[in-house]
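Student: Could you pick one part of this structure and take a close look at it with me? After that, I'd like to hear how that part fits in with the rest.

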Amino acid sequence: MNLLNDFRNAKLARKLSAAIADAVGDRTFSIMEVCGGQTHTIYKYKLREMLPPNLRLVSGPGCPVCVTPIEYIDKAVFLGLEEGASIFTFGDLMRVPGTTMSLEKAVAEGADVQPVYSPFQSLEFAKANPCQQVVFLGIGFETTLPGIGLVILEAQKAGVENFSVLLSAKRVPPVLEALLSSGSAEIAGFITPGHVTSIIGTKAYDALCCTYNVPMVVGGFEPLDLLGAILDLVRELAGERSGNLNAYKRAVSWEGNVKAQRVIDEVFIEKDDELRGLGMIPKAGYGIREAFAQFDADRRFEIVTDSHEPKGCICGEILCGIKGPSDCPMFGKACTPDSPVGSCMVSAEGACNAAFLYKD
Amino acid sequence: MGVKIILGHGSGGRMTRELVRDVFCRHLGDVGPESLDDGAVLDCGAGFLACSRAEGQTGKSAPQLVFTTDSYVVSPLEFPGGDIGTLAVCGTVNDLAVMGARPLWLSLGVILEAGLEIQTLERIVKSIAEKAREAGVKIVCGDTKVVEKGKGDGIFINTAGIGVLEKPMRPETIKPGDKIIVSGTVGDHGMALLTLRKGFPLKSNLKSDCAPLNEMILQVLGKVDVKWMRDPTRGGLATALNELTEGQPWGVLLEEDGIPLSEAVCGVSELLGLDPLYSANEGKAIFVVPAGSAENTLKILKKTSCGQNSAVIGTVSGDFPGKTVLHTQMGTLRTLGILASDPLPRIC
């Protein structure tokens, strides 16, 4: 089986599309695809054209770069420019605007900022340059966290003294709970994120489905993955059920990746945390446990920032599913991928970026 | 704090174009280039006629020259399929060839960083010689400078090239129904270099497609009425076609299923969340030809070493004025915009 082309089969897609229209009938539903990667696929393949107009797809908050508070960028810029630390980051973060500048612009000001594919690259650099402070920018949801945890474990084992992580790690289930309990976005069902759920397992949503009486289906990232998940979800909605289903079985199980969960538990501790645009959410983030305090950049450095959000940016409402990119007066005008105002325009997983990139 | 140059200004996408327009073209004004093509067609008719009259020759028409220049700053310097020297010859030769010219002469300017191994330099110069022979061009002048360690990236190269115009391109004759042909798989060079960057976690068998295309192109020009050509380097196929369609009363409709892609490029681009249609090529040409000539063009291309995987990938269409639109595998239509800046690999 070809994992790419077989999940882009136009014939099967048309069948799924017809079945979705059939299940939806003349009812009106709003459903949210939680992950930015899913949003991207929906825009890239114009999947909305294959769905009935009375089924509304709302982009969710599952874009790590988008929900990272602006203060985080300011801290990273401070560490690069004022502390002279070598900053290692996932590429997406380079262009996110901070209060005064992005990391990309900090490079032009003399900061050493290097995009990497794996946090281990930053540890290797730290080992090879023991006199240089090295900071890895650890952002992301549960998907990236085990890798960051492993690096911290390895740094401790190897006794690396010049390495630390600036952490801004988020948890998906509390964020979904915050959306559900506020009720502002009126979402009838969720397509839960494929990669995150491969780590935490579908068990993480059992309680949410029961408490809020809302169906959830894990979806993958290819067009047929998503259409299949949408079909499962609208069938639940049509039948007034609130099942916690899995339409991404080739990657996701009920219990998830137990080894990865153990690493997360060992190194990190749940905490109330701020998400950009969404505000403070109980238990929505992770901190670094006391036993690994020396690898926490927030504890190692005295970081000074004076952060404030850009005026007029509605990323927060977009991330909550209350508004869409085209509702923003700056979209495509003052805010473009070249000179983004809000974080949703930067990351390939951001709703505004996808809407801009794939606009007609 | 003033606005500063960031790496994105060199991506070949929208940021580069805006920099060229807002800084270079604005200040160069009347002494600047007339168009932003890959090369300039120089009409040296007046001078040539004066010369030939003085020598008593008459009835000979003046040749038109095509002039281009390009700088090469690649990391790593050597990669599967070539090195910075191969690029410096092929890139400039191809820029001339797609203007419809026969490349003849190249200049070679190098900026070396103190500390570069002489052996590395020798390998690069050997590549330059090999590719120049293959392309049938001569390196006729050059310049060498050395900068302090840390002020360059091993070696930077600039080559300028001069060729004689064989057949001018006529993009103004393009009309709906014309066919778009690409001479092989797309995205190879860009993806190959990405996987060689320090710390890339995967081994791949990707190889740069770097090659001089002038022989292949001259074969086509000899038999087909080509309306437009371009070598889709930085910014890839999608950016090159956007430059073609911008402001035109017609657009381009590409068939996703028809675009040749190697399996390795497919895999790596999926993994990194990058689009191979925006990835650089260094040995591919795009042709716009009349519908009736498409089959013949393919036949000619497939007989050449660089064009074996060539394919018709789309049609000029009156339905999408000014746009490049992709008919996706899923049967939906998606507009391919211009790349803003260098694509960034995603987090997860």
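Tutor: Happily! Let's start where a helix ends: α1(A) is followed by A:Gly25, whose phi is positive, near 60 degrees. Please keep in mind that this is a predicted model.

Now step back along the helix itself. Helix α1 of chain A covers residues 10-24, which makes 15 residues. From its first C-alpha to its last, α1 of chain A reaches 21 Å, close to the 21 Å expected at 1.5 Å a residue.

Next, look at which of its residues are hidden. The buried ones in α1(A) are A:Ala13, A:Leu16, A:Ser17, A:Ile20, A:Ala23 and A:Val24. They sit on the same side of α1(A) because they cover an arc of only 130 degrees around the axis. Turn to the face of α1(A) that points away from this buried side, and you will find the exposed residues A:Lys11 and A:Ala18.

What do the buried residues of α1(A) pack against? Their partners in chain A are β1 (29-35), β2 (55-62) and α11 (223-238). For a close view of such packing, try A:Leu227. Leaving out residues up to four places away in sequence, A:Leu227 touches A:Ala13, A:Leu16, A:Ser17 and A:Ile20, and also A:Leu47 and A:Met50.

A:Leu227 has a part in a wider picture too. The largest nonpolar core has 127 residues, and A:Leu227 is among those with the most contacts inside it, together with A:Ile87 and A:Leu103. α11(A) gives the most to this core, with nine residues. As background, nonpolar side chains tend to be buried together in soluble globular proteins. Another core, of 69 residues, lies apart from the largest one, and its members include B:Val66, B:Ala132, B:Met169 and B:Cys210.

Our helix also has a place where the two chains meet. There, 36 residues of chain A are in contact with 29 residues of chain B. On the side of chain A that touches chain B, α1, α3 (64-67), α5 (103-108) and β4 (112-116) each supply at least two residues. α5(A) gives the most to that side, with three residues. Sorted by class, the residues on the side of chain A that touches chain B are 17 nonpolar, eight polar and 11 charged.

Let's zoom out to domains. In chain A, the domain assignment gives domain 1 (5-62 + 172-246), domain 2 (66-171 + 256-300) and domain 3 (315-357). The C-alpha centres of domain 2 and domain 3 of chain A are 24 Å apart. Where these two meet, 10 residues of domain 2 of chain A are in contact with 12 residues of domain 3 of chain A. The domain 2 side of that contact has five nonpolar, two polar and three charged residues.

Chain B, for its part, is assigned domain 1 (37-165) and domain 2 (171-335). Their contact takes 21 residues from domain 1 of chain B and 21 residues from domain 2 of chain B. On the side of domain 1 of chain B that touches domain 2 of chain B, α3 (84-97), β5 (101-113) and α4 (118-135) each supply at least two residues. The largest share of that side, nine residues, comes from α3(B).

Definitions and conventions. Residues are numbered from 1 along each chain as its sequence is written. Chains are lettered from A and ligands numbered from 1 in the order in which they are written. This is a predicted model: local features need pLDDT of at least 70, side-chain atom pairs count only at pLDDT 80 or more; totals for chains, interfaces and linings use all residues. Helices (H or I, at least four residues) and strands (E, at least two) are DSSP runs, numbered from the N terminus. The expected span of a helix is 1.5 Å times one less than its number of residues. A residue is buried if 20 or more other C-beta atoms lie within 10 Å of its own, exposed if 12 or fewer, and partly exposed in between; C-beta atoms are placed from the backbone. The arc is that of the directions from the helix axis to the C-beta atoms. Two residues are in contact if their C-beta atoms, placed from the backbone, lie within 7 Å. Ala, Val, Leu, Ile, Met, Phe, Trp, Tyr, Cys and Pro count as nonpolar, Asp, Glu, Lys and Arg as charged, and the others, Gly among them, as polar. A nonpolar core is a set of buried Ala, Val, Leu, Ile, Met, Phe, Trp, Tyr and Cys residues joined through C-beta atoms within 7 Å. Domain bounds come from an automatic or database domain assignment.
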